[in-house]
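Let's take a walk through the aromatic side chains of this protein. Have the structure open and follow along.

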Amino acid sequence: MANCFVGDVQGCYDDLRRLLDLAKFDSDKDMLWLCGDLVARGPDSLNTLRFVKSLGQRAVTVLGNHDLHLLAVADGVAPLKKKDKLQPLMEAPDRDELLEWLRQRPLLAEHPDLPIMMVHAGLSPAWDARTARNCAREVESLLRGDQYQWLLHNMYGDQPDSWDDNLLGIERYRYIINSFTRMRFCYFDGRLDFKCKKGPTESTPGLRPWFEQREHHVDDPILVFGHWAALMGVTGKDDIKGLDTGCVWGNSLTMWRYEDDALIATPCPAYAK
Ligand SMILES: [Mn+2]
């Protein structure tokens, strides 16, 4: 039994299958953990969703910004963009079933026995693990309930960019969604930035990565995330694992296997621009 964590697939279905074969992933015994953005931009979002859904309890995936955007597009909030290559999914006979399944996915997932947390973009520097868990559950229950359309229609926007325990309503939910699914850099005062997509080694005056802003506690779980392709997996911290290595941009799809601490990657040169 192995726990296999994989970065942003973004519709690169063949590459996902190739990576799983390379790692000898056994869906009868092993667990597949996906850090979100299963869909958009890559060639086969439809079969990516079908495959991950078919793994049932053997796969855990958290919602990324592209996953939420797909739900919003399907609900008429935003137009379908050609570059997202989502048309086949939108026209599939099992589309509703797949989207319904996607909508039930969490924003934050934890291993039941091991100290590991997985999110798409990161964990707000303003939160400890307990607050993060509570905030995730608040928004997940909205997404799963009758109010999900209201949430999808109102979630877009970059404000508020600072956390306050007293935030209420859509402002509260928007901060929670943005920090879990869109964050990369923070200002030194803790405000979240949603514009800069550079890597942390490039010049980013006044900004630092969210994981540099977070205070470290000895009993912190290992944090697995994706979203930030420009990092190419480098965080400089053993217990913060960035797994998005830009598969859909022609780089590679990466797996981190907990049991032997192996990093396994499959190159995806076909998508290089
Ligand atoms: Mn993302």
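A good place to start is a group of rings: Phe 185, Trp 210, Phe 211, Phe 225 and Trp 228 come together as one aromatic cluster. Keep in mind that this is a predicted model.

Now zoom in on two members of that cluster, Trp 210 and Phe 225. Both Trp 210 and Phe 225 are buried. To describe how two rings meet, you need the distance of the centres and the angle of the planes. For Trp 210 and Phe 225 the centres are 5.1 Å apart and the planes sit at 80 degrees, so this pair is edge-to-face. Trp 210 belongs to helix H9 (residues 210–213) and Phe 225 to strand E9 (residues 222–225), so their contact ties together parts that lie 15 residues apart in sequence.

Step back for a moment: the structure holds 14 aromatic pairs. Another of them is Tyr 13 with Phe 51, also edge-to-face, at 6.0 Å centre to centre with 70 degrees between the planes. This pair links distant parts of the chain, 38 residues apart, with Tyr 13 in helix H1 (residues 13–22) and Phe 51 in helix H2 (residues 45–54). Are these two rings buried or exposed? Tyr 13 has 17% relative accessibility, so it counts as buried. Phe 51 comes in at 11%, so Phe 51 counts as buried too.

Finally, look at where charges meet rings. Arg 182 lies over the face of Phe 194, 4.5 Å from the ring centre. Arg 208 has its charged end over the ring of Phe 188, at 4.7 Å from the centre of that ring.

Note on methods. Residues are numbered from 1 along each chain as its sequence is written. Side-chain values use heavy atoms; hydrogens and water are left out. Rings of Phe, Tyr and Trp (its six-membered ring) pair if their centres lie within 6.5 Å; planes under 30 degrees apart count as stacked, over 60 as edge-to-face and the rest as tilted. Helices (H or I, at least four residues) and strands (E, at least two) are DSSP runs, numbered from the N terminus. Buried means under 20% relative accessible area, exposed over 50%, partly exposed in between (1.4 Å probe, protein chains only). A charge sits over a ring if NZ of Lys or CZ of Arg is within 6 Å of the ring centre and within 35 degrees of the ring normal.
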